[in-house]
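Please look over these notes with the model open beside you. They are short and keep to a few sites.

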Amino acid sequence: MTAIVTGGSRGIGLAIAEALLADGFKVLAAARSENESTARLQKIHGGDFLFCPCDIALAQDRECLLEMAAGVFGGVDLLVNNAGVAPKNRRDMLDISLEEYHHCMDINLEGAFFLTQAAAKMMLAQGGGRVVNISSVSSYAASVNRAEYCLSKAGISMMTKLFAARLAGDGISVFEVSPGIIETDMTAAVREQYAARIADGLTPVKRLGTPEDVAACVLSLARGQLDFCTGTVIHADGGFSVQRL
């Protein structure tokens, strides 16, 4: 089984790549640049792990990524759309610039949509496959100082439903994993604020999540154990999504 993991050089994407490799997948990790972590995985796993420099906002990079998957691994059985960026600035939504808006939307949503479109065609030719989209609690919890990010993740939620409906009859399952507050580079600057809110009851589970928490959810989907649940959202959020009185 072969997998593409976008944003696979650090944080959640790296944890997903490591979990898949440990489970016997061949993994092609895509990110803008290689680092010590990807070099380590190449040394440990040899030809079962490959890295592709890729900006998924660029059509030519997406094409090169899929060409590498086809040329080296013979195709792709699993696509994990994990690559994403935070807002350039946390600012009032009334002040967001067009450039700031596109910074999130082009990578987080547009790139993921067209990569999935192209990968789905490859999977159709193969006779099946799976897609896992990494969204966020920000897909439904409004943060008015991160509007562009929230919009991009809300788009991922609908994208999951659309591809699930379109591809189910062709043996391709599509899922959404919605992480909560996870300890990554993206949340490092506000970690203490989130930790305090969690201690005050923001989530039933009294800790921040880890990349490995999210990777465990992806792995259960990658194994094909939940294919009948196509279109489902798995909330890797410590219970944040649970409505409480």
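Which residues make the nonpolar surface patch of about 350 Å²?

1. The surface patch. M93, L94 and V144 make it. Its area is about 350 Å², and the model behind this value is a predicted one. M93 sits in the loop between β4 (78-81) and α4. Its relative accessibility is 46%. M93 therefore counts as partly exposed, since the class runs between the 20% and 50% limits.

2. A polar residue under cover. N108 belongs to helix α4, which spans residues 98-126. Buried or exposed? N108 is buried, because its relative accessible area is 2% and the limit for buried is under 20%. The side chain of N108 has a polar partner: S152, through a contact of 3.2 Å between the two side chains.

3. The surroundings of N108. Leaving aside residues up to four places away in sequence, N108 touches A83, G84 and V85. It also touches Y149, S152, K153 and I156. S152 thus appears twice in this picture, because it is on the contact list and is also the polar partner of the buried N108. Please check this site by eye.

4. Aromatic pairs. How many does a search of the whole structure find? The search finds three. One of them joins F113 and F114 in an edge-to-face arrangement. The ring centres are 5.0 Å apart, and the planes meet at 85 degrees. F113 has a relative accessible area of 30%, so it is partly exposed. F114 is partly exposed too, at 36% relative accessibility.

5. A pair across the chain. Y140 and F240 also form an aromatic pair, and this one is tilted. Centre to centre the distance is 6.4 Å, with 45 degrees between the planes. Where do the two residues lie in the chain? Y140 is in the loop between β5 (129-134) and α5 (147-167). F240 is in the segment after β7 (233-236). The pair links distant parts of the chain, with the partners 100 residues apart. Y140 counts as partly exposed because its relative accessibility is 41%. F240 is partly exposed as well, with a relative accessible area of 24%.

6. The aromatic cluster. Which residues form it? F113, F114 and F163 make up one cluster. Within it, F113 and F114 are the edge-to-face pair of point 4.

Definitions and conventions:
Residues are numbered from 1 along each chain as its sequence is written. This is a predicted model: local features need pLDDT of at least 70, side-chain atom pairs count only at pLDDT 80 or more; totals for chains, interfaces and linings use all residues. Side-chain values use heavy atoms; hydrogens and water are left out. Helices (H or I, at least four residues) and strands (E, at least two) are DSSP runs, numbered from the N terminus. Buried means under 20% relative accessible area, exposed over 50%, partly exposed in between (1.4 Å probe, protein chains only). A polar contact is a pair of N or O atoms within 3.5 Å; within protein, one must be able to donate a hydrogen and the other to accept it, and residues adjacent in sequence count only if both atoms are side-chain atoms. Contact means heavy atoms within 4.5 Å. Patches are made of residues with over 30% relative accessible area and no salt bridge: like charges are joined within 9 Å, nonpolar side chains (Val, Leu, Ile, Met, Phe, Trp, Tyr) within 5 Å. Accessible areas come from the Shrake-Rupley method with a 1.4 Å probe; for residues, only the protein chains shown count as cover. A salt bridge is a side-chain nitrogen of Lys or Arg within 4 Å of a carboxyl oxygen of Asp or Glu. Rings of Phe, Tyr and Trp (its six-membered ring) pair if their centres lie within 6.5 Å; planes under 30 degrees apart count as stacked, over 60 as edge-to-face and the rest as tilted.
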